Every structure is written in C-alpha cells, then in structure tokens.
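Let's take a friendly walk through this protein chain. Have the sequence and the model open beside you as you read.

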Amino acid sequence: MPGPLEGKHIVLGVTGSIACYKAIDLASKLTQAGALVDTIMSYGATQFVTPLAFRSITHRAVVTDTYDSNSEYSIEHVALAHQADVVVIAPATAHCIAKLAQGLADDPLTTTIIATTAPVMVAPAMDANMFDNPATQENVDTLKRRGMVIAGPAPGRLASGLMGMGRLLETPDLLGYISYTMGKDADFKGRKVVVSAGGTMEAIDPVRVITNHSSGKMGYAIAEAARDRGAEVVLVAASTSLPDPALVNVVRVRSAQDMCDEVLRQVKTADALIMAAAVADYRPASEAEQKIKKSADDLTIELAKTTDILEAARGNFVKVGFAAETQDLIPNARDKVTRKGLDLIVANDLTDPQAGFGVDTNKVTFIDGDLKVEDLPVMTKYEVSQCILDRIHQLFPA
Ligand SMILES: Cc1cc2nc3c(=O)[nH]c(=O)nc-3n(C[C@H](O)[C@H](O)[C@H](O)COP(=O)(O)O)c2cc1C
C-alpha cells in the first residue's frame, strides 16, 4: 500500500515571492515521496528561481508560457488541469490570489486553476501588510468559500525584516496540507477521531520521572492517516520528540492521569478512539515535593496503579486498543479485547525488530470484537494506520 503522495499527479504553481526558493525544497520532497510533480511558474517566479531547478528535481517539464509552441502537451492548460490529483500554489502572491478570486486566466497557472476540477491548495507568502490588506483578506475568503484550502501563512520574521503574518509554511506542514487537501472529502469526512500517542511520564520528584521507550510514531501516523481521509483529529500526545502534524489538534499531556482526563473529555463527541500511547500501568504513589537526595544505598519507591483509560472510556464510539507484548501476545491481546470491551486490538510483538518502538515499520495482528485473528505483513506505520482505519470505517453505523 503506497504513501499518501505515491503516484499522485501534483501541479505545483509557483508565483513571484521571495519564498520561491522554498518551493524547490517542496518539489524535491514531493518527488521523493513518489509524486509526479508538474511545475507551472508565473513570470514573477522565474525572476527569483529558474525553471531548470524544478526540471532537474522533478524530472518533468516546467511550464512558463501559455503559448509555448514546443510544449509536449497539445493543450497544456487543459492537459495538466485534467490529470491533476491536486493543484498546489506555493508560494502564492497577493497578486495571484487576487487573480484567482476574480477568476482571471491570463497565464498558464491561473488558466489551469480555472480548467481543473481537482482540489486546490493555496499557500500565501507575502509581507504582513499585504496579507492584512482588506483586499487580500476578502480575496482569501472568496477562495475559501469556493472550497480551496488556504495553508498558512505562518507568523514570524519576514523578508522585509518585519515580524508578522506572512511567512510561507515550512515544507513538512505544506506536505501535510497537500495530503489533507487530496483526502478532505474522503470516507472519514465529518468524523471525529481521537488518537493517543507517546509514553506517559510519572513524576517521582520535581526532576525525575518513570517513563518508557515509546516514540509516538505509531499514534502520529494514525493521526495523519485519519486527517488524510477527512477526519477531524485530536491527538492526545504524551512524551515524544515528534513535531505536531499539520491540521491535527494536538493536546500535550504528561502523566497517565492527564491523558485519561483529556481522552475522557474528547471521546464525548468522538466517533472513534485509538489508544496507541504507551500509558504507565503504575505511577509513584506520591510525588516528592523536593528532589530526593542521594543518601542510603537503596531507595524504594512505592507504586500505585493508574486508571485504565480504555476501560474507563465508554460510549458510542469505535474503541481500538494496542497490545505491545514481549510474550504470549495473542492470549494477552484476546484477554484485553474482552476485559475492556474493545472493537479491535492491534497487537505487536516487541521482540520483532521490524515492529514496535522507534522504528518506521510495524508488524501487527488484528484481533476483533469476535476474537477473530488476522496477521498483517510488515508495513510502514502509515500503511498499518490505513488498515486500522479501514476496520474502523466498517464498524461505523451506516
Ligand atoms: C524582491 C521581491 C520580493 C517579493 N516578494 C513578494 C511576496 O513574498 N509576496 C507577494 O505577494 N509579492 C511579492 N513581490 C511582488 C510580486 O512579485 C508582484 O506582485 C508580482 O506582480 C507577482 O506576480 P505573480 O503573482 O504573477 O508571480 C515581491 C517582489 C519583489 C521585487
């Protein structure tokens, strides 16, 4: 099963902003992810970077002229518009946004936009005053009303030296927005999915914690996959070094109790809960107010059981748990399905080097509410996520 961008036809529109250089990185990352990237540059964009840069990175022709008699396409603007899975404009100037709002078609990019039925994502980049200008704001609103996805801009330091709203989003966020734009009307549209990720941290004293090796990668992959199928996603994230995925509502928590409180709050309005976090089963019975000094040879910490979040979370939603085990994987997982009233458990064997903590792949076994077992092959965590979402979708009421 491919990643979200594999084999997709992406038209990348580049317009005359100082942020054009970042579009080269975007074209590169899209190509590395398996997308077929056709670049269309405005005249303004060619003043900042050359078509050669995009052609070299994407290995595909770059369009700069509507009337190019040497073009490989018979009617270029229509050909690219028709084959596109998504049209992305990054960076989008104030001028380009204004032309789109007016429905103008006076260059290859705006003509392609008028001719396409593919979803369109626009990533503005400009000086803060240009973005704040009522004309630009109204034009952006017009594009939103027509169903285009507006990605950014981000606040920060602008090329003018001023601080303000106008920076082009960074490449990882643009990639997230592009995947979302392609799937925004897919089968999870209108569904709320709550995902937990990472390892909880249980305080011993103000400087020490008990935690585990969870990287958060599995939960983050599920959150991104659900976003890419149109879901509203809340990611309740304990300790992890991963950056927030674009268009996912990330709520950071520390302890098992914090995670429990947040998950129980979020599931009241959820269609599905997927607990991929490694939640501590025990926490120090009390947290020392001051840092514990090194004195005696031995130190005993009394532990108390934490609340089982999956058991506590009851309601009208599809409930999916994970079982990471080092022994007796299937019997332990089956027991969890019954005890916690789960619709599906995703069991992974931590002794397998292609599964579990830190790695990008996983090898899992599904055990459903009827205790039926299905072994899946080694896949990326994003692919495993898609399989989990397929199962969840089957369980949604019609
Ligand atoms: C150095 C320089 C930087 C510019 N940066 C931006 C920018 O970031 N955003 C923007 O909207 N316009 C910017 N402009 C102005 C546009 O290039 C100008 O409005 C142009 O008409 C845009 O045409 P296009 O949208 O067809 O590329 C810049 C101009 C110059 C000379």
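Is aspartate 38 buried or exposed? At 2% relative accessibility, aspartate 38 counts as buried, since the cut-off for that label is under 20% relative accessible area. Please keep in mind throughout that this is a predicted model.

**The chain as a whole**

The chain has 398 residues, and 51% of them count as buried. Its secondary structure comprises 14 helices and 22 strands. Taken along the principal axes, the box filled by the C-alpha atoms is roughly 80 × 50 × 35 Å.

**Salt bridges**

Back to aspartate 38, whose side chain meets that of arginine 60 in a salt bridge, at 3.0 Å from N to O. Aspartate 38 belongs to strand β2 (residues 36-41), while arginine 60 sits in the loop between α3 (51-58) and β3 (62-63), so this pair ties together parts that are 22 residues apart in sequence. Unlike its buried partner, arginine 60 is partly exposed, with a relative accessible area of 22%.

The count for the model comes to 20 salt bridges. Three of these pairs are set out here, each with its N to O distance.

| Basic residue | Acidic residue | N to O distance |
|---|---|---|
| Arginine 60 | Aspartate 38 | 3.0 Å |
| Lysine 99 | Aspartate 107 | 3.1 Å |
| Arginine 227 | Aspartate 228 | 2.9 Å |

How do the other two pairs in the table sit with respect to the surface? Lysine 99 is buried, with a relative accessible area of 8%, and its partner aspartate 107 is buried as well, at 15%. For the third pair, arginine 227 and aspartate 228 are both buried. Elsewhere, salt bridges with shared partners link Lys22, Arg167 and Glu170 into one network.

**Helices**

Next, look at helix α6, which spans residues 108-115. How many of the eight residues of α6 are buried? Six of them are, so the helix is largely enclosed by the rest of the structure. The buried residues are Pro108, Leu109, Thr110, Thr111, Thr112 and Ile113.

Now for a pair of helices. Two packed helices are described by the angle between their axes and the distance between the axes. Helix α10 (residues 217-227) packs against helix α14 (residues 381-395) at an angle of about 60°, and their axes are 8 Å apart. That angle makes α10 oblique to α14. The crossing of α10 past α14 is right-handed.

**At the surface**

Which residues make the nonpolar surface patch of about 380 Å²? Tyr282, Leu299, Ile301 and Leu303 form it. Tyrosine 282 lies in strand β15, which covers residues 282-284. With a relative accessible area of 43%, tyrosine 282 is partly exposed; a residue can join a patch because its relative accessible area is over 30% and it has no salt bridge.

**A loop residue to finish**

Serine 239 is located in the loop between β12 (232-237) and β13 (249-252). Its relative accessibility of 29% means that serine 239 counts as partly exposed. How far apart are serine 239 and valine 267 in space? From C-alpha to C-alpha they are 21 Å apart, with a separation of 28 residues in sequence.

Notes
Residues are numbered from 1 along each chain as its sequence is written. This is a predicted model: local features need pLDDT of at least 70, side-chain atom pairs count only at pLDDT 80 or more; totals for chains, interfaces and linings use all residues. Side-chain values use heavy atoms; hydrogens and water are left out. Patches are made of residues with over 30% relative accessible area and no salt bridge: like charges are joined within 9 Å, nonpolar side chains (Val, Leu, Ile, Met, Phe, Trp, Tyr) within 5 Å. Accessible areas come from the Shrake-Rupley method with a 1.4 Å probe; for residues, only the protein chains shown count as cover. A salt bridge is a side-chain nitrogen of Lys or Arg within 4 Å of a carboxyl oxygen of Asp or Glu. Helices (H or I, at least four residues) and strands (E, at least two) are DSSP runs, numbered from the N terminus. Buried means under 20% relative accessible area, exposed over 50%, partly exposed in between (1.4 Å probe, protein chains only). Axes are lines fitted to C-alpha atoms, for helices over the stretch in contact, and angles run from 0 to 180 degrees between N-to-C directions. Angles under 35 degrees count as roughly parallel, over 145 as roughly antiparallel, 65 to 115 as roughly perpendicular and the rest as oblique. A crossing is left-handed if the near helix is turned anticlockwise from the far one by less than a right angle, and right-handed if clockwise.
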